[in-house]
Amino acid sequence: MAKITYVHPDGTSSVVDVEPGNSIMRGAKLANVEGILAQCGGGATCGTCHIYVDKDNTKPLPAMHDLEDGLLCVTASPRQDNSRLSCQIPVTEELDGLVVHLPEKQL
Amino acid sequence: MADAPVVIIGAGQAGCQAAVSLRELGHRGPITLIGDEGVLPYQRPPLTKAYLQGDIGIGDLVFRPETYYTEHDISLVLDDPVVSVDRVARRVVLRSGHAVDYENLVLATGSRPRPIPGAHTIRTIGDADFARPEGRVVAVGAGFIGLEYAAVASEAGCDVTVVEAQPRALSRVLSEETAGHVVQVHRRRGVKFLFNACVSEVRPGEVVLADGTVLPADLVVAGIGVVPNVELAVDAGLAVDDGVVVDAWLRTSDPAVFAIGDCARFHHGARQIRLESVQNAVDQASCVAAVIQGSAEPYAQVPWFWSDQYAMKVQIAGVTDGHDNVVVTGDPLTGAFSVFCFASDRLLGVESVNKPVDHVLARRLLAANCPIRPEMVAVPGFDLRTAA
């Protein structure tokens, strides 16, 4: 299990034990954490599972591919340097303690 | 009436979302979600994609864990289907004889595949489990289901033939340009296509075509469209015409009864259509929940669809059916392009292959009703981003 913290736009947060193998997106969905839509179910095709990785993060995240990069340019909330699509980050034991911030809107 | 008891018949994508949206919108009364598959509500699209391939399991398909329904006080009835609706008493009767009262009833009964005797169809988890591709595979119907199945079977090393009654693939859902590209990708993988070919019989080990051709087959899968599940609505005396007919607020001919998702025939511009898609199920569910909670907003979402085949992502924004003019952007040879479909000068929709950004922007353009004309798109260097 890896503890992932989802910080909501109002500053409250949900801490979830996510089983490795699930994505950050799926981890939120299974724990009923609101704020991630994932309309396409996790295929990097809709851009509605946008998150901001905590600025102080030092944990290793997978490299971003072109589709994700492109979609982050058209997300509903503005892209920042730390923007990612949460469906593209598989949870591993190494990510235990990761903090991600949810955007104001996904659509 | 807000907070009055709601019964939802059908626990698929539409029904489940209706229950979730009602709670999100603050509905505090009883909600009963009635399915007939005996399992928690789950996503169907992966059944012909990642699930069929074995990449994900049942646990990955369910929308929400069981705790969600208990925590949100949603009564889940998973294996006791509704057998009749009494609109006068506002009550549904289940197979067990148990009855549930409603003030608002939502029909989310979905659709079922048109069968071909002897062939598999894929709609449920059980269907997919019994249709794992092996040996020589014949897919009947070159629509999304047939082609997604063909892609998985081909990747699993099967010898795959697609049989289609129409002269081309995907004729109901995609332009010739996009469909042609999809077929080419399949052919490169060794998938064979027979067009203008009708199946006369599926026998053990073979498929017989109308012209007498016999195709050896270890497994036959039919993807030749669906039939909306309207029996309950018909028996209850509601207006039905290839789907339960609803108004702009998704109300049937009885104002206490709504219909959403695959089973609903609704207004889209000047015509009435029925759509089988995740988007349609989810957006209509959200709309119906809002209407039950007192909203006066009619249903007006841009339809969108997708299909994953091999590494190819096909996405459609709008309903492109009926177009008479297309403009292609990007380069089909690179496998990433979009086809803008127009009816004379009016943009009906955009089909994108491996161009998700185009798709997202096209949905916004269509939602905003932007007047995009063919000559604007045809200009070299046209950028959807500036148009959106």
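Read from the start of the sequence, chain A runs β-β-α-β-α-β-β. That pattern is made up of two helices and five strands. The model is predicted, and it places chain A in contact with chain B.

**Overall form of chain A**
- The C-alpha trace of chain A spans about 30 × 30 × 25 Å along its principal axes.
- Chain A has a radius of gyration of 12 Å, which agrees with a compact globule, because a globule of 107 residues would have a value near 13 Å.

**Inside and surface of chain A**
- Of the 107 residues in chain A, 50% are buried, where buried means under 20% relative accessible area.
- Contacts in chain A between residues at least 6 apart in sequence often link distant parts of the chain: 65% of them join residues at least 24 apart.
- The accessible surface of chain A is about 4,800 Å², and carbon and sulfur atoms account for 51% of that area.
- Chain A carries 8 positive and 14 negative charges, and the mean positions of the two groups lie 4 Å apart.

**Contact with chain B**
- The size of an interface is often stated as the accessible area lost when the parts come together.
- Between chain A and chain B, the buried area is about 1,700 Å², with 51% of it from carbon and sulfur atoms.
- On the chain A side, the residues that lose the most area to chain B are Asn32(A), Thr45(A) and Val74(A), which together give 33% of what that side buries.
- The contact involves 21 residues of chain A and 24 residues of chain B.

Note on methods
Residues numbered from 1 in each chain as written. Chains lettered and ligands numbered in written order. Predicted model: local features only at pLDDT ≥ 70, side-chain atom pairs only at ≥ 80, totals over all residues. Heavy atoms only, no water. Helix = DSSP H or I, 4+ residues; strand = E, 2+ residues; numbered from the N terminus. Rg over C-alpha atoms; globule rule 2.2 N^0.38 Å. Buried < 20%, exposed > 50% of the residue type's maximum accessible area, 1.4 Å probe, protein only. Contact = heavy atoms within 4.5 Å. Areas by Shrake-Rupley, 256 points an atom, 1.4 Å probe, with all protein chains shown as cover. Lys, Arg positive; Asp, Glu negative; His and termini not counted. Charge placed at Lys NZ, Arg CZ, Asp CG, Glu CD. Buried area = accessible area lost by both parts, 1.4 Å probe.
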